[in-house]
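Subject: Structure for your files

Hello,

Please find the structure below, followed by notes on what was found in it.

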Amino acid sequence: MLDLLIKGGKYTDFNTGEFVSGNVGIEQGTIVSLGDEELEAIKVIDAAGKIISPGFIDIHMHEEKFKKEGENYRISEFMLKMGVTTAVGGNCGLQYQDLKEFKDVIKRKGGSPVNYIMLAGYNEFRYQLGIKRYDEATKEQRKVLRELVKRELAEGAFGVSFGIEYDPGISYEDMRDVLEVLEDERMLGAAHYRNDCINDIESVREMIKLSGEITPKFQISHLSSCSAMGWMKESLEEINMAIEKNPKLNYDTYPYTHLALC
Ligand SMILES: [Zn+2]
């Protein structure tokens with residue numbers, strides 16, 4: 001007997017690229033039957049008129065700020081309603097609290113609506129050391145910053161993110177040094193890049209170069225927010241060309257039309 005039968009919904013047939021109607025049978029967390037078969041199951045969900053899909057992964061979210069006691073989930077509840085089951089937080093160099101503290105809150109709440117993958121937010125550590133936005137970190141400070149990143153990695157962070165536009169004092173070498181701390185190629189570096197609008201291409205190129213010189217994967221964050229001011233076509237051309245040579249590079253973009261003028 002199946003654990004779960006999702007009945008009469010539509011799902012994608014990856015062989016044809018089309019939607020088909022049918023039943024999805026699940027046993028021990030694995031799909032074991034697809035199609036017209038209507039096997040017996042402990043639980044049956046009627047999905048008529050609906051689409052059956054796996055949970056989506058949102059690679060770019062900004063997590064809840066659990067700064068006050070008693071604060072509840074908001075963002076991740078909306079995420080779940082949209083079908084997201086795993087979300088990557090700590091983006092754009094912004095990490096709202098230490099990972100240990102964040103995990104403790106989740107534990108106290110008895111779990112969270114979505115699974116979290118967290119990045120260590122580099123800008124946040126600069127603020128903790130009192131480094132001003134336009135100032136480069138000194139050699140000594142960079143050492144401390146790397147230690148702070150290591151601490152978050154030991155706590156379970158999956159990589160490190162930068163918000164270069166927010167803190168232009170973050171230099172190329174600085175990022176490369178920090179990303180070197182991530183020795184595992186399955187880990188992730190991500191950045192809200194340096195400039196938008198007319199300076200966008202230059203910034204995209206900086207990201208492409210960086211991704212070619214580091215071990216982990218690298219994600220150019222929300223391309224549309226910085227490039228969709230008339231530079232989307234050129235940015236995509238450069239990025240796609242780079243991805244062909246370096247598959248560890250990728251980008252994400254908003255799921256809606258973005259219109260901005262500069
Ligand atoms: Zn951003």
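Helices (H or I, at least four residues) and strands (E, at least two) are DSSP runs, numbered from the N terminus. By that count the chain has eight helices and 11 strands. Residues are numbered from 1 along each chain as its sequence is written. This is a predicted model: local features need pLDDT of at least 70, side-chain atom pairs count only at pLDDT 80 or more, and totals for chains, interfaces and linings use all residues.

Confidence

pLDDT is the predictor's confidence in each residue, from 0 to 100. Its mean over the chain is 93, with 98% of the residues at 70 or more. Of the chain's elements, strand β8 (residues 159-163) has the highest mean pLDDT, 98, and helix α7 (residues 223-227) the lowest, 84. Where pLDDT is low, the predicted coordinates should not be read in detail.

Overall

Along the principal axes, the C-alpha atoms fill a box of roughly 65 × 45 × 35 Å. Of the 262 residues in the chain, 34% are buried (20 or more other C-beta atoms within 10 Å of the residue's own, with C-beta atoms placed from the backbone). Two residues are in contact if their C-beta atoms, placed in that way, lie within 7 Å. Among contacts with a separation of 6 or more, 76% join residues 24 or more positions apart.

The four-stranded sheet

Two strands pair if DSSP finds at least two bridges between them. One open sheet has four strands in the order β3-β2-β1-β4, and its pairing is mixed. β3 (30-35) and β4 (41-46) are at the edges with a single partner strand each, so one side of each has no neighbour in the sheet. Neighbouring strands here are turned by 30° against each other on average, direction ignored; the axes behind such angles are lines fitted to C-alpha atoms, and angles run from 0 to 180 degrees between N-to-C directions. Inside this sheet, β1 (residues 2-13) and β2 (residues 18-27) are antiparallel and share eight bridges. D13 is opposite E18 in β2.

The seven-stranded sheet

The other open sheet is parallel, with its seven strands in the order β5-β6-β7-β8-β9-β10-β11. Its edge strands, β5 (56-58) and β11 (249-251), each pair on one side only. The average turn between neighbouring strands is 25°, direction ignored. β9 (residues 188-192) and β10 (residues 217-220) run parallel and are joined by four bridges. A191 has I220 in β10 as its bridge partner.

Regards

Terms used: Buried ≥ 20, exposed ≤ 12 C-beta atoms within 10 Å, placed from the backbone.
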